[in-house]
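Work through the two exercises below with the sequence and the coordinates at hand. Each task is followed by a solution in steps.

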Amino acid sequence: MATFSAALRRHLMALVPDSCVEVVRAVDQAGLSAPAEVVHDLVKGSPRSVVVAAEVLNGFDVVVVQHDHDIYGGRDGEELLDLLELVDVPVIVVLHAVLTQPTRHQRLVLTRVVDRADAVVTMSDAAARRLLDGYTVDPDKLVVIPHGAPADGLAMAALARARPTILTWGLLGPDKGIETAISALPGLRDLEPRYVVAGQTHPRVLTHTGRQYHDSLRAHASALGVADMVEFIPTYLDPHSLGQLIRQARVVLLPNDSTEQVTSGVLVEAIAARRPVVATCFPHAVEMLSNGCGLVVPYQDSAATSRALRRVLTEPGLAVAMTGKASALAPELRWPVVAERYRWLADSLLIAGTAVPR
């Protein structure tokens, strides 16, 4: 979410160079160092911080709230409601998650958040449908704007390599399905692929288990006899380094286990980079890959994953066709285009006197 917010801020400012786009940051404790664009820290559990944050936000024309249940203080992030009650400028709420089976309290909090918002953004049609079907929300407030991808697409033509590279990246945790991906590799031994897993362990996982999760993945690869086929890059990669890595990929693999994922920045970036994708059937993948730019496989099915990867790597014309389909989607996923839609939405709220555009 921080990466998303930073990219959105950068491209909003690029649209109007003399514009002011600053950040109020949600943190667990006060006193943390912050970059210049952070104008206030919203400290969990601090009523005074909420009051000051509202005063700061009211000095801007429009507030864009990045929302997930575990970002803000209180039970299911309910401290955000206290903040929104004090904000008197137009509010755009961007939903990074919409649960299908929320607890009663999660449903209550999210319903109240979207009720307070002047506009609500989801990043996929699947998320919008889920919100309309499962929550009380004014459909006239709802706008679908895709997750952005780097303006240069991160990668263009694939680099030729002796070994085909399969790539997974992003924050890692037990719901990312890396175990299934590793289990798919023995069936590809004759192709000698290189499976690169790039990204840090998710902070919440790291807090509870330390390096145990990464170590368990290495042990799993060793047990299956494919340790020589798996390469871990357990660090954060800046856009340039990530772009270089994506250029090496013949196929991007998203083996996610979560049935809740209605937004995947990695998926959007892979399509914008015009890479063939193999993904499990999480909602955003089903939606984005329906035009043929990738293959969808069942959850936790290593055999199906192996077959799909083999098709992309060996079936004549398939990868090229997928690249062509991705090229048709890519222009609308670029951050400049996405930022322009947010700018239009903000301007519309201001012109209408905070009424959501219809």
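A pocket, on a 1 Å grid over the protein atoms alone, is an open set of points where a 1.4 Å probe fits, with protein on both sides within 12 Å along at least five of seven lines; lining residues have an atom within 4 Å of a point. Grid points are joined across faces, edges and corners, and a volume is the space filled by probe spheres set on the points. The model is predicted: local features need pLDDT of at least 70 and side-chain atom pairs pLDDT 80 or more, whereas totals for chains, interfaces and linings use all residues. Residues are numbered from 1 along each chain as its sequence is written, and side-chain values use heavy atoms, without hydrogens and water.

**Exercise 1.** Describe the second largest pocket and its lining.

Step 1. Its volume is about 220 Å³.
Step 2. Among the 14 lining residues, P146, E287, M288, L329 and L333 are the closest to the centre.
Step 3. Two or more lining residues come from each of α11 (283-288) and α13 (318-329), helices being DSSP runs of H or I with at least four residues, numbered from the N terminus.
Step 4. The greatest contribution, three residues, is that of α11.

**Exercise 2.** Determine how many disulfides are present.

Step 1. A disulfide is a pair of cysteine sulfur atoms within 2.5 Å.
Step 2. The closest cysteine sulfur to that of C281 is in C293, at 16 Å, and is therefore too far for a bond.
Step 3. The count is accordingly zero disulfides.
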